[in-house]
Amino acid sequence: MDDPEKAQKIIFFSGLGADEKIFWLQANRFPQLETPRWAIPLPGEKMEEYIDRWIEELKLTPGQIVGGASFGGLIAQLGSYLLKNRSNSFTWTAPRSPEIN
């Protein structure tokens, strides 16, 4: 994207033990990338309700790019499903490896 003002918003959810720093390479390339901090689930809140809260808070709409790593990828995929499968979602996973610190 040449014009950051016209760039589509991108939302990436980190894993539970991580934060926005996990996506530092992507953030350098895509300045419109947002990585929200984890919201604390409400008492008795079901997963769908939790994700609905994210959808509302982030003003997610069908067709936006939503992704994540680990548990964040699960949130992205379920959010895409709740938006009627019209979002673009993906999940990053990595096998346990001595190369990964």
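Start by selecting Asp-19 and Lys-21, whose side chains meet in a salt bridge with an N to O distance of 2.8 Å. The model on screen is predicted. Asp-19 is partly exposed, at 24% relative accessibility, while Lys-21 is exposed, with a relative accessible area of 55%. Side chains of opposite charge can pair when their charged atoms come close.

Next, select Arg-53 and Glu-45. Their side chains form a salt bridge too, again listed at 2.8 Å from N to O. Arg-53 counts as partly exposed, with 26% relative accessibility. Is Glu-45 buried or exposed? Glu-45 has a relative accessible area of 18%, and because the cut-off for buried is under 20%, Glu-45 counts as buried. The count of salt bridges comes to two.

Now zoom out and show the whole protein chain as a cartoon. There are three helices and four strands. Followed from the N terminus, the elements run β-α-β-α-β-α-β. Of the 101 residues in the chain, 34% count as buried.

Colour strand E3, residues 65-69. How much of strand E3 is covered? Four of its five residues are buried, so the strand is mostly covered, given that buried means under 20% relative accessible area. Add strand E1, residues 10-13, to the selection. E1 and E3 pair in the parallel sense, over four bridges. To see one position in this pairing, pick Ile-11 and look for Val-66, its bridge partner in E3. While the strands are on screen, follow the side chains along one of them: in a regular strand they alternate between the two faces of the sheet.

Move on to helix H2, which covers residues 47-58. Met-47 belongs to this helix and is partly exposed, with a relative accessible area of 36%. Select Met-47 together with Leu-74 and Leu-78, and switch to a surface view: these residues make a nonpolar surface patch of about 210 Å².

Stay with helix H2 and select Glu-57, which lies in it. Glu-57 is exposed, with a relative accessible area of 51%. Which residues form the negative surface patch that includes Glu-57? Extend the selection to Glu-48, Glu-49, Asp-52 and Glu-56, which together with Glu-57 form that patch.

To finish, show Met-47 and Glu-57 together on helix H2. Met-47 contributes to the nonpolar patch, and Glu-57 contributes to the negative one.

Notes
Residues are numbered from 1 along each chain as its sequence is written. This is a predicted model: local features need pLDDT of at least 70, side-chain atom pairs count only at pLDDT 80 or more; totals for chains, interfaces and linings use all residues. Side-chain values use heavy atoms; hydrogens and water are left out. Buried means under 20% relative accessible area, exposed over 50%, partly exposed in between (1.4 Å probe, protein chains only). Helices (H or I, at least four residues) and strands (E, at least two) are DSSP runs, numbered from the N terminus. Two strands pair if DSSP finds at least two bridges between them. Patches are made of residues with over 30% relative accessible area and no salt bridge: like charges are joined within 9 Å, nonpolar side chains (Val, Leu, Ile, Met, Phe, Trp, Tyr) within 5 Å. Accessible areas come from the Shrake-Rupley method with a 1.4 Å probe; for residues, only the protein chains shown count as cover. A salt bridge is a side-chain nitrogen of Lys or Arg within 4 Å of a carboxyl oxygen of Asp or Glu. Lys and Arg count as positive and Asp and Glu as negative; His and the chain ends are not counted. The place of a charge is taken as NZ of Lys, CZ of Arg, CG of Asp or CD of Glu.
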